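Work through the following exercises with the sequence and the model open side by side. Each task is followed by a solution that proceeds step by step.

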Amino acid sequence: MPNYLVIVESPSKAKTINKYLGKNYTVMASVGHLRDLPKSKLGVDVEHGFKPDYITIRGKGELISKLKKAAKTADKVYLATDPDREGEAISWHIASLLGLDDTSKCRVTFNAVTKSAVTSSFKEARAIDKNLVDAQQARRVLDRIVGYKISPLLWDKVKKGLSAGRVQSVTTKMVVDREREIMAFEPKEYWTITVKLTDDKGKNPFEARYYGEGGRKKELAGKAEADAVLAKISGADFVVDDVSYGKKTRHSAPPFTTSTLIQDAGRKLGFASKRTMATAQGLYEGVDVPGRGSLGLITYMRTDSLRVAPEAQAAARALIGERFGKEYVPEKPNFYKTNKNAQDAHEAIRPSVVDIDPESLKGKLTNDQYRLYKLIWERFIASQMANAEYDTMNADISANGVNFKASATALRFAGYTAVYDSDDEDEKKSKRLISLEAGAKLTAGEIKPDQHFTEPPARYTEASLTKAMEENGIGRPSTYAATISTIMSRDYVTREKKMLRPTELGFIVTDLMAANFSDLVDVDFTANMEKQLDSVEEGEVGWVDVVSDFYGPFEKTLEKARASIEKVKIKDEETDVICEKCGRRMVIKMGRYGKFLACPGFPECRNAKPILKDTGVACPKCGGRIVEKKSQRGKKYYACENAPKCDFYLWDEPLKTPCPKCGSIMTRKYLKKGSITVCTNKDCELAAKPAPVKTTAKAAPKKKTAAK
């Protein structure tokens, strides 16, 4: 019996796929890339065709040995990494390391991790797509050249630890430009007038808003203009000049792409882009579904296509008819036009098995997985449903030559809104229509003038920035979340109550880049570069040509910048924390792992310490503050500020309210189904009953004992 080796990227995907294939298949995971450019140098030979110098990633040597050993005993090796440029490049690197013929039928791809999708993909095995690999190489080399050529300049002229990036720099500038729009904005006053009306019998109340005079629209710029209107209509008869009744339909939004998933998960679930993509990755790679085993619940989540497989459409239509009725199934399947700049390599994001209802998974998934799957499932089902239908009313009303307008919308047929909550204001404000006739006199009740001021443009959220990046052709589905995460981790942009705001450092670096590397922060230039990378993928142009065309002008600009940029001095943010070694006020610094407190007396005083988040709870052992910390592996825990002298710590979040039974500290313990509050006193009847949160020995704080 033949022996096959299948290599995927993720251990969780390997576990899922392993259950679908027979005993003669061995599935192993590469755990991402095995080779990359070296971190210690540029790693690109710019003098000889931009040849990349790939090396084995540190820590991957033992895994590579295991893969080579398994490949030697296998009759055939299949490479089943993700179905995109990055996945294709990983397969190419694996083939090179294992000595495989990349022109043989060794590459398999699938859009969903289901048994049918996986098993059928092996029947359609193909050679590695070198165009896809070249597109990824071009992106990697371009990003490396920009990052490794400009970053040292920023270190020298601004501060150490800074970085520039081909996509991150223009994205940062978008946030900076929006902030400057807000800073330059001058609010303008305007007024509105709303009148409450009823019919001549005092029934059927509704509201009408001031429109203008003499049939012409007019804005009320100040109180004097509003008062003049109020004087005209005081005591005047309100008459219906014209009224029209009609119908309108609204089509559902299409199924999700990466961009729209990030946007809706941000708006509806409050998820950051990184959280959305990490949760979607888990749903795609596979979870244990009762009665079905390990299964990928959604299709591939990095896509800009709106295409849907015919069998998925058919399954959705059958489910809609069975659950909601035939009237909810459109006469013809709904199709959505994909953006002209989309790569269209994959389907839209949808449930891989349509009939797996979100409610059937409640309690079986993590809370984040359940909420995101529910959002994806509902959006997809709604996208295949009939239109929503509305009755409408529009009325023109006048009083002494002053014009008012009234309108109302009432839901006639729910259609897709029976499944998916819409953001449309008309749907949210749906109300009962009133019956009016032209010439009818109305009775005026309260007449309310209101002062308003125009609002500045809103700051970007992660969701709206993702939308702007997509609309401007900046980045691709695989890079949206990573780019936003990068500009925040570099301290160029900070998030305040979901809003993105540039830091002083963000302004400085953006202005420096705009003055010296204008192309790199130009939206059109960056979007055009993305199109060139797409052309490489299509085989229309060679990747070396794309890099070469960029590098010539870039190198000249870089030399000019080195000579002209003057050193920039950034003042560190001072805090109220006093350095216990020399008495100075400590300042906030940005390091490799984020912000920390440092003494401004460096190098005479080298005192530094982490910025601790106070929980507001006192240590039961010594009375110190319990603060939030992170272990060596990045796991959050809570410990006394007087550590290591005081060894009190907790893994779960302490609450300010003490235990009502014994007065000990209460904590919030997070479980798959949500969270519970428990007492830290093990002898208390409110102590934790579920299994404790799993931790590893390496993750635990050193030289501490758990709270009793």
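**Exercise 1: Partners of strand 16**

Strand 8 (residues 189–199) is joined to strand 16 (residues 441–453) by ten bridges, and the two strands pair in the antiparallel sense. The model examined here is a predicted one. Task: establish which residue of strand 16 is the bridge partner of aspartate 199, and which is the bridge partner of phenylalanine 238.

Solution. Begin with aspartate 199, whose bridge partner in strand 16 is leucine 442. Then turn to strand 11 (residues 238–250), which runs antiparallel to strand 16 and is joined to it by two bridges. Within that pairing, phenylalanine 238 has leucine 442 as its bridge partner. Leucine 442 is thus reached from aspartate 199 and also from phenylalanine 238.

**Exercise 2: Two open sheets**

Task: determine in what order the three strands of the parallel open sheet are arranged, and in what order the four strands of the antiparallel open sheet follow one another.

Solution. In the three-stranded open sheet the order is 2-1-7, with parallel pairing. Its edges are strand 2 (25–29) and strand 7 (76–79), each of which pairs on one side only, and neighbouring strands of this sheet are turned against each other by 20° on average, direction ignored. Next, inspect strand 1 (residues 4–8), which runs parallel to strand 7 and is joined to it by four bridges; here leucine 5 stands opposite valine 77 of strand 7. Helix 1 (residues 11–18) can then be added to the picture, since it lies across strand 1 and strand 2 and runs at about 165° to strand 2.

The four-stranded open sheet has the order 23-24-25-26 and antiparallel pairing, with strand 23 (613–618) and strand 26 (649–650) as the edge strands, each pairing on one side only. Two bridges join strand 25 (residues 636–640) to strand 26 in the antiparallel sense, and alanine 639 is found opposite tyrosine 649 of strand 26.

**Exercise 3: Aspartate 82**

Task: locate aspartate 82 in the chain, and decide whether aspartate 82 counts as buried or exposed.

Solution. Aspartate 82 sits in the loop between strand 7 and helix 3 (85–98). Its relative accessibility is 5%, and because residues under 20% are classed as buried, aspartate 82 counts as buried. Leaving aside residues up to four places away in sequence, the residues that aspartate 82 touches include Glu9, Lys13, Arg107, Tyr284 and Arg302.

**Exercise 4: Two cavities**

Task: for each of the two cavities of 30 Å³ or more, find which residues form the lining of the largest and of the second largest.

Solution. The largest cavity holds about 60 Å³ of space, and its lining consists of Ser163, Ala164, Gln168, Ser169, Thr172, Tyr492, Val509, Thr510, Met513 and Val521. Helix 6 (168–184) and helix 15 (504–516) each contribute at least two of these lining residues. Sorted by character, the lining of the largest cavity has five nonpolar, five polar and no charged residues.

The second largest cavity holds about 30 Å³ of space and is lined by His33, Arg35, Asp36, Tyr54, His93, Gln136 and Arg140. Strand 3 (35–36) and helix 5 (130–157) each supply at least two residues of this lining, which divides into one nonpolar, three polar and three charged residues.

Note on methods:
Residues numbered from 1 in each chain as written. Predicted model: local features only at pLDDT ≥ 70, side-chain atom pairs only at ≥ 80, totals over all residues. Heavy atoms only, no water. Pairing = 2+ DSSP bridges. Axes fitted to C-alpha atoms, helices over the stretch in contact; angles between N-to-C directions. Contact = heavy atoms within 4.5 Å. 1 Å grid on protein atoms, 1.4 Å probe; cavity = no way out; pocket = protein on both sides within 12 Å on 5 of 7 lines; lining within 4 Å. Points joined across faces, edges and corners; volume = space filled by probe spheres on them. Nonpolar A, V, L, I, M, F, W, Y, C, P; charged D, E, K, R; others polar. Buried < 20%, exposed > 50% of the residue type's maximum accessible area, 1.4 Å probe, protein only.
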